[in-house]
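Biologist: I would like to learn how to read a structure of this kind, one feature at a time. Could we put it on the screen and begin at the surface?

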Amino acid sequence: MHFIPEKLDDYVVAHSENEPELLQQLTRDTFRKILQPRMSSGPYQGRVLSMISKLINPKYILEIGTFTGYSTLCLAEGLQPSGTLDTIDTNEELFDFQREFFDKSEYGSQINQHLGNALEIIPQLNKTFDLVFIDADKDNYVNYFNLIIDRMNPGGIILSDNVLWSGKVIEVLNPKDKMTKAVLEYNTLLKEDKRVETVVLPIRDGLTISRKL
Ligand SMILES: C[S@@+](CC[C@H](N)C(=O)[O-])C[C@H]1O[C@@H](n2cnc3c(N)ncnc32)[C@H](O)[C@@H]1O
């Protein structure tokens, strides 16, 4: 969705980093072979994720919601040479597609794929994290936050996607709309929780940066 006029949005994109060739290929294949291709982060948000990761230069990254691996590869661009990225998704049909692109990149050996429900897999990961990207089922965002907050290194960053939920966060809430309710609850939690400081960026569908204090 466009939060600024489309022409200005085009200008912003045109004056930001270009999408690497491998990610262009990944996007083409995602649109050709995979259902709901628009779930992918896309070129502009991808460059934002890459930039944030490079600024942090994390040793340990966790991603919740791999899909076809677009955001995984963007986040991996900032990894330390000895660092690792653990990424989790429930959809087993995406596993081989993800691996093919991870191995075509220079980060293949640093990326660990986990197949299954993130709520069950996160407690099994024996790591603390410098950067976490939450981009899976919205009704579990609060649960993901509660699972990871004590496993963030001081100064660690949690990025949360889709926090503006196509603008529905400012509309009158339909009591049957569980997803919007979940996003509203999550945004309030991030604002009020004293363990993090938070800013919401109006990028794409809304991206929140929360820093562990
Ligand atoms: C929006 S997509 C992720 C997009 C990806 N981060 C990107 O930017 O390219 C959400 C993904 O979360 C996965 N997912 C949904 N519920 C999940 C859960 N409980 N545990 C792990 N993954 C889940 C879905 O299978 C889907 O691939």
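Modeller: Let us begin with a nonpolar surface patch of about 360 Å², which is made by Phe3, Ile4, Leu8 and Tyr11. Please keep in mind throughout that this is a predicted model.

Biologist: Where does Ile4 sit along the chain, and is Ile4 buried, partly exposed or exposed?

Modeller: Ile4 belongs to the segment before α1 (6–14). Buried means under 20% relative accessible area and exposed means over 50%, so Ile4, with a relative accessible area of 34%, is partly exposed.

Biologist: How should I read a residue in a loop, and what does Gln110 touch?

Modeller: One can take the location, then the accessibility, and then the partners. Gln110 lies in the loop between α5 (95–104) and β3 (111–115), and its relative accessible area of 11% makes Gln110 buried. Beyond residues up to four places away in sequence, Gln110 touches Leu79, Gln80, Pro81, Gly83, Thr84 and Leu85. A polar atom of the Gln110 side chain lies 3.0 Å from the backbone oxygen of Gly83.

Biologist: Thr84 is in that list; which residues is Thr84 in contact with, leaving aside its neighbours within four places in sequence?

Modeller: Thr84 is in strand β2 and is buried, with a relative accessible area of 18%. Its contacts, with those neighbours left aside, are Lys59, Tyr60, Ile61, Leu79, Gln110, Asn112 and Lys127.

Biologist: How many residues surround the ligand, and which are the closest?

Modeller: The ligand is surrounded by 22 residues, the closest being Ser41, Gly65, Ser71, Asp89 and Asp135. Both α4 (70–76) and β2 (84–89) supply at least two residues each to the shell around the ligand. For polar detail, one looks at distances between N or O atoms: a backbone N or O atom of Gly65 lies 2.8 Å from a nitrogen atom of the ligand, a backbone N or O atom of Thr90 lies 3.4 Å from a nitrogen atom of the ligand, and an N or O atom in the side chain of Asp137 is 3.3 Å from a nitrogen atom of the ligand. Taken alone the ligand exposes 610 Å², and the protein buries 89% of that.

Biologist: Ser41 is among the closest residues to the ligand; which side chain does a polar contact join to Ser41?

Modeller: A polar contact of 3.3 Å joins the side chain of Ser41 to that of Gln45. Gln45 is in helix α3 (residues 43–56) and is buried, with a relative accessible area of 1%. Leaving aside neighbours within four places in sequence, Gln45 is in contact with Phe133, Asp161, Ile203, Arg204 and Leu207.

Biologist: How many salt bridges are there, and which parts does the pair of Arg47 and Glu77 tie together?

Modeller: The count comes to 12 salt bridges. In one of them the side chains of Arg47 and Glu77 meet at 2.8 Å, N to O. Because Arg47 lies in helix α3 and Glu77 in the loop between α4 and β2, the pair ties together parts that are 30 residues apart in sequence. Arg47 and Glu77 are buried.

Biologist: And how accessible are the partners in the salt bridge of Asp150 and Arg195?

Modeller: That salt bridge has an N to O distance of 3.9 Å. Asp150 counts as exposed at 59% relative accessibility, whereas Arg195 is partly exposed, with a relative accessible area of 32%.

Key: Residues are numbered from 1 along each chain as its sequence is written. This is a predicted model: local features need pLDDT of at least 70, side-chain atom pairs count only at pLDDT 80 or more; totals for chains, interfaces and linings use all residues. Side-chain values use heavy atoms; hydrogens and water are left out. Patches are made of residues with over 30% relative accessible area and no salt bridge: like charges are joined within 9 Å, nonpolar side chains (Val, Leu, Ile, Met, Phe, Trp, Tyr) within 5 Å. Accessible areas come from the Shrake-Rupley method with a 1.4 Å probe; for residues, only the protein chains shown count as cover. A salt bridge is a side-chain nitrogen of Lys or Arg within 4 Å of a carboxyl oxygen of Asp or Glu. Helices (H or I, at least four residues) and strands (E, at least two) are DSSP runs, numbered from the N terminus. Buried means under 20% relative accessible area, exposed over 50%, partly exposed in between (1.4 Å probe, protein chains only). A polar contact is a pair of N or O atoms within 3.5 Å; within protein, one must be able to donate a hydrogen and the other to accept it, and residues adjacent in sequence count only if both atoms are side-chain atoms. Contact means heavy atoms within 4.5 Å. A residue is near a molecule or strand if one of its heavy atoms lies within 4 Å of it.
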